[in-house]
Amino acid sequence: LSPEPPGAALARRPSGLTACFTLKERLAAEPEEESVAAETADAIELSDLHAKLYVTESGSEAHVWTGSANATTAAFENNVEFMVELKGPRKRFGINALMEPEKGEVRFINLLEPADAAVASESPSPAVEELERLLEVRARISGARLKVRVTPASDGGFDLVLASSGEVNLQLGRGVAVTCWPCTLSSGAAVAVRTSTDQVLARFPSISLAAVTAFVAFRVSGQAGGEKLQIEFVLNLPLDGAPDGRKEQVLRSIVQDRSRMLKFLWLLLADELADLPRELVGGGSAAGQGAEVGTIPAIGGLFEMLLRTLDRAPERLDYLNGLMADIRKDATQPDLLPAGFDDIWLPIWRERERTRVPRS
Amino acid sequence: MTRNTPETERFLGTLKDFQRDTVDYVFSRMYLDEPPSMRFLVADEVGLGKTKVAAGVIARATDWLRERHPSRRIDVVYICSNSAIARQNINRLNVTDTKSHPLPDRITLLPRDIGRISKNKINFISFTPGTSFDLRSKGGRAEERALLYWLLPADWTENRRGSLSLLTGWKDRQRFKEQVDGLQSSGSLDDGLKRQFQAALLTATDDSRAARPLKDAFVEFAAQLGGRTDLNTQEREKQQFIVSTLRGILAGVCVESLEPDLVILDEFQRFSDLLHATDDASALAQQLFKYPGVRVLLLSATPYRMYTTADEPGRDGHYEDLIKTIQFLQGSQEDTTRFQQSLAGYRDAIFQLGQEGNHEQISMARDEIQVALRRVMVRTERLAVTEDRSGMLRTVPASATLADSDLQSYLALQRVARALKHSDVIEYWKSAPYLLNFMEEYDFKRDFVRWATEPDRGRELVRALEGLQPQLLARSEVEAYRVVDPGNARLRAFAADVFGQEAWRHLWIPPSLPYYRSGESQAAELKLTKRLVFSSWQVVPKTIASLLTYEAERRMFGIGEGGQPESNTAEARRRRRGLLRFAIANGQPTAMPVLGLLYPAFTLAALGDPLQFASPENPLSRDEVVQRLERVLGEKLAALPGYTSPSAANPDERWYWAAPLLLDVQENEQAARSWFEQRQLAEKWLGELTDFVEEGSGPSEIPVTSAWSAHVEAARAVARGGTSLGAPPVDLARVLALLSLAGPGVAALRALARVSGGLGRSTAPTLRNVAGQVAEGFRSLFNQPEVMALIRREYARTGDETAYWHMTLEYGVTNNLQAVLDEYAHVLVEDRGVSGRPVEQIEREVAEGMQEALLLRTSSLDADEVAVGREGVRIGPSPLAFRTSFAVRFGARRTDEAGAVRREGDVQKAFNSPFWPFVLCSTSVGQEGLDFHRYCHAVVHWNLPSNPVDLEQREGRIHRFKGHAVRKNIASDFGARLRYSTDGVEADPWVQMFELARQDRQEDLSDLVPFWVYTTDGGSFIERHMPMVGLSRDVERADRLKRSLAVYRMAFGQSRQDDLVQYLLRHLSKDRVDQIAKELSIDLSPHRKTRRDDSGRQQEPGELVGEQWGVEQPPPDGLGLGELESLLDQFSALRPAESQWSAALFEPLLDEFARLSAR
């Protein structure tokens, strides 16, 4: 997605915030200040500054962090971030010291201007307005309770239809267009979404079984000041009339060898990203994340994962059991399960069966 | 150059070649080189004999000092962390011709002994840091405080009553007073020290008011106390302060009075703070290290942590430890800085492994480090540069199988955990069964017990425990010896392994060299070895020890296999009294044949020695051996006066025990009679045993000692002659054959004689006495209820009236008792450090060792009974007591209590014997320093350590000098070349075989082969067992651990070693890793030998061979984009309700795939 301009984000300011500021576009050096910056340039460009600054206080101490971390869950819990922590007395580095203006000093507050003021003082740019319109369209599409309907086609393939269950009015407005395509196909297969009252929004005739999917990608595009703007997103929609054997077919295309089978098992069982073996998740950086040379594929921990599933979500094992059956049905498949799998699976499955007590 | 005295030469002659090399190298570095190294570290791997090396260095240093300063006294100070070890080693260290006298193990007791010290020519003084240096907040022993009383100036203690109270400490006041008085009467405290102490007191001050003299505080406090010893907390603190201050001052004065020439710090890493820190304790110790001219010798197998991983606390432990140690050794900041630079250079070079021209750089960096280290340290490793330790190590595949009930217990435990608000129990559950019964100090258990007693919560637990019944031990089942399911996959695999070999049928590990064929399964039986189990969980040793012993007993009783139904209660055990017991009925001794078992008969020992038949080429069978001996003995019997032809109808059964005595009288009347005429023969024969009333016999018994005396008198009467016997039984010759092969008295006599000087010794009365004592140990063994059940089931055929004592003989013959004892005697000579000592000492010590192992008391472990009722859960009321004998727990003690320590020592000795226990379960405590290799070459890693060094440490416990696997392999290769000899050292077949093996080994190898490492085709190995469920995390951890073993040494001297190891594993293939690891190893062995590579080319150690060090790319990994989408699809099918969440899960995956597809 394209980054939203600050104004758009602030328009939906989360509750609990007491004040919002944004960086001044340009910081004019105070005339009486003999700073290094003033010697080299009259003003400092701040508009592209990407650094973050966090300030907390505890007792008489203040901590100031700056670095790469955004104020997001990903940054605080998953990502590898780089931050510098500065510690000092609250009097000099606390929130008030940074945020209260002081005559004769350049403080952090002097780099900022109130965000509301920024919005108010400048009339919104045409691009921002257009983007807001596109986002509204996205919200309407997501809320439209769409589904995917599958019907056999005459040539042995399938017709895929994006349908709504009732009347839909996407209120596209002038110059806004929506296209969509099944995730299994490339965006070249995109067709325009029709916004008439007809319940069929898009049709993909005669696609292969493997391409039948519940995931549909959308692109909403518009125009502002001669510039093209667009947003893309994917929806996971209910799938009606999925042909028999589709799952098996898809499965077979995924699960072609033992290591893929293992990965698949992992994905089915994992509750959290952290449960997955490192080599499976891959990680973000390019350097040094490969598996150790010659290590066995990710089988360690599968046992524990199965146990946990038995304890917490035993119904998932039912699916797994069906999956095993499917895989074994196909005699042409090589043995996809790791050696010794049955030794752990069978007792676990028996226990699942034993404890499947229909509760009255 | 200095010349060694004959004593020194004699001692050096007993060392293995590399030990001697080390002694010479260390000595020349510390005394001959210019400038000498004042401090030096011997860092040989555990089990290579560092103490012997230290003894050799002391001997050479003593000679050197004497030559230069003939009249000076020499003080050797030995410091180690544990006073028991100190006492043991101080004797081993002195191999000079001058006797050392026992000296205090606490420095503050010196005033009592200093007089003696200044008179001696050489002093060996041992201290432990905890009791001699670190005196803060410690009151010391009463003995020390009593001494303080007399050292204080008279004007301090004018108030005698109060002063005594002040110094009493926690001891009983009256007893303390007696101790004080006793010390006065015993006399001489050193006046010089006293004066110095009192002078030092003048400047001592109180804690509360800095300017106030300590004396005022003392006097005032003494007045305040008067006769009181019930001090309140504040007063206790005051007392503590005064006493510890006084002790500190005294310790300082005492240290100054020493004139140390050589300070030995044994396993110094346990108190390494003393070397560096600046507190009072360290300052005190450092006075010793800084004494003019003193040399400091450090001993430690692990002078610094070898390897630290990222998740260990103190991440850079390795680097810091190493640098600190090197700094102490080098004593020059400049040198240490240079050393640190070399390490940095080495790291740089390793990270550039793939680059052209890097060979030279890396080997230069390695050489720099090596040269710097060799100036201050030496280290011999057991050829350990490769992961398999030169072929001795094998991983034994062991897969733990799950039973359905295991999963039920898992689910129930999870429910309990949720009720108790505890997190996942998977790791507990994987480690041990019956957790709620066996757990002790776990939060999980504590909370469980607390909840169980609260009504509402109790009901919640009942619900949670539904279905757990099979995982709770029921008293009724246990007391009826019902089968108890292992209840845990690992334990199931382990029990199958142990019982699959029918270990429970064996009262001792079969000999490595059997002298004759016996039984169908002999070859399989030879594979039997003990198991050393390591776990990091406290509950595991307890559980394994309890349940395995239980199962072994159950099988011995033959429950469910036609054995008598037995009940497993203390009472039932008491009822099963030993069948080999001495009693008197109608005024007559009842068990004379048992006396026959215990009789050390020298004629039988000489005639019936089964070793003469040992010839693995074409071994005789057990029955052939018995028949041959029957013939020989039949002839001897016929020559006895009073011998008539045997009678089947009305035999005189006294012959069974009388014949051995009569044969001895016939053979050597003087020797036989003089032994019998010893005063207090009854006591001498069975030793000073106060406890040979076996467990199970009640106090109502006639004192066993007097019954025994009556038996001895009856035997003496026969030996004196004049008793006429009736017709001998028809099987007399056969019984004598059995007695001569496996009569405990005869077998012990022979085994002891072989290691002390040959069978000629077997008429010596002292030897015969101690042999009798060993035999008594066997009587106690054969009297165990389960042992009686086992032997009677195996040897009693229906209608057969064979007596139990006879059956024990059959058992002994079948199980090669003589070969077992011969091997054990050889082992014990090494174990007790008596090689080359006077014969009587060897015999006494070896016999004592055998006896201690045979008499190990069974100890009990308590499990909680957990009963689930409708309304709640009940714990107790009384514990379920599990005996532990077949398998025992080790290292779980939390106290330093003397009893617990002794028990640990006894357990270790018994495990190092062929007798039970066969399984020793240790928490990680056993990893450091202790030997377990005598009869064990299999380690079981119940839980895996995270650090590869720990894995090595564990396996190092059983891979040591003349270990079980080595002996088996030696016997298999050299048994056939044995010559039967009855005299001298050659009488010991093991001395012969090891000598043959030494002569046979490749020329360029050191004595590590064959004594530490010896392999043969189809032979035995150090077995590494890792029972674990397939596809579990443990499998992966094990794999990772094994791989990092190969490379961690390359990370020597580096900070963040973990990262370096991961880097290497990622960039190098397995073969390359092995190759480079070998080439880059840092060689600190005392002298370099040239080695040959495969092509025969001479190769210097450390020289780099091989063409190119390419860096391999990791294979591309990951799914394609299209597959991911299909995966998402699958997800929606499986968990539509959770699609929100699955999207969150896949967001990072999507990013990753986008990146992949962009490439």
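This text walks through a predicted model, from the whole of chain B down to single strands, helices and residues.

Start with chain B as a whole. Chain B holds 51 helices and 22 strands. Of its 1159 residues, 57% are buried. Its contacts often bridge long stretches of sequence. Among contacts between residues at least 6 apart, 78% join residues at least 24 apart.

Now turn to strand E9 of chain B, which covers residues 530–534. Is this strand enclosed or open? All 5 of its 5 residues are buried, so E9(B) is largely enclosed by the rest of the structure. In a regular strand, side chains alternate between the two faces of the sheet. In E9(B), B:Lys530, B:Leu532 and B:Phe534 point one way. B:Arg531 and B:Val533 point the other way. Both sets are buried.

E9(B) has partners that come from further along the chain. Strands of a sheet pair through backbone hydrogen bonds, either parallel or antiparallel. With strand E18 of chain B, residues 936–941, E9(B) pairs in the parallel sense over 5 bridges. Here B:Leu532 stands opposite B:Val939. Strand E17 of chain B, residues 919–922, is also joined to E9(B), by 4 bridges, and the two run parallel. In this pairing B:Phe534 faces B:Ser922 across the strands.

The cysteines come next. B:Cys921 lies within the residue range of E17(B), 919–922. B:Cys936 lies within that of E18(B), 936–941. B:Cys921 is buried, because its relative accessibility is 1%. B:Cys936 is also buried, at 0%. Why is there no bond between them? Their sulfurs are 11 Å apart, too far for a bond. For B:Cys921, the closest cysteine sulfur is that of B:Cys936. For B:Cys936, the closest is that of B:Cys921. A disulfide needs two cysteine sulfur atoms within 2.5 Å. Over all chains, the search finds 0 disulfides.

Move to a pair of helices. Helix H8 of chain B spans residues 160–168, and helix H12 of chain B spans residues 233–257. Their axes come within 9 Å and cross at roughly 90°. H8(B) and H12(B) are therefore roughly perpendicular to each other. From H8(B), the contact uses B:Ser165, B:Leu166 and B:Leu167. From H12(B), it uses B:Gln239, B:Ile242 and B:Val243.

Look closer at B:Ser165, which sits in H8(B). This serine is buried, because its relative accessible area is 1%. What does B:Ser165 touch beyond its neighbours within four places in sequence? One of its contacts is B:Gln239, a residue of H12(B). The others are B:Arg173, B:Leu225, B:Gly226, B:Gly227 and B:Arg228.

Another residue to find is B:Ala285, in helix H14 of chain B, residues 280–289. B:Ala285 has 0% relative accessibility, so it counts as buried. Beyond residues up to four places away in sequence, B:Ala285 touches B:Phe133 and B:Leu274. From B:Ala285 to B:Trp942 the separation is 657 residues in sequence and 41 Å in space, C-alpha to C-alpha.

Two more helices of chain B show how residues are covered. Helix H39, residues 804–814, is mostly covered, with 10 of its 11 residues buried. Among them are B:Tyr804, B:Trp805, B:His806 and B:Tyr811. Just after H39(B), B:Asn816 takes a positive phi of about 55°. Helix H41, residues 839–854, has 16 residues. H41(B) reaches 22 Å from its first C-alpha to its last, close to the 22 Å expected. Its buried residues include B:Gln841, B:Ile842, B:Val846, B:Met850 and B:Leu854.

Finally, visit chain A. An open sheet of 4 strands there has the order E12-E9-E8-E15, with mixed pairing. Which strands stand at the edges? They are E12(A), residues 200–207, and E15(A), residues 239–240. Each has a single partner strand, so one side of each is left without a neighbour in the sheet. For E15(A), a parallel pairing over 2 bridges links it to strand E8 of chain A, residues 146–152. In that pairing, A:Arg149 stands opposite A:Asp240.

Key
Residues numbered from 1 in each chain as written. Chains lettered and ligands numbered in written order. Predicted model: local features only at pLDDT ≥ 70, side-chain atom pairs only at ≥ 80, totals over all residues. Heavy atoms only, no water. Expected span 1.5 Å × (residues − 1). Buried < 20%, exposed > 50% of the residue type's maximum accessible area, 1.4 Å probe, protein only. Pairing = 2+ DSSP bridges. Contact = heavy atoms within 4.5 Å. Axes fitted to C-alpha atoms, helices over the stretch in contact; angles between N-to-C directions. Parallel < 35°, antiparallel > 145°, perpendicular 65-115°, else oblique.
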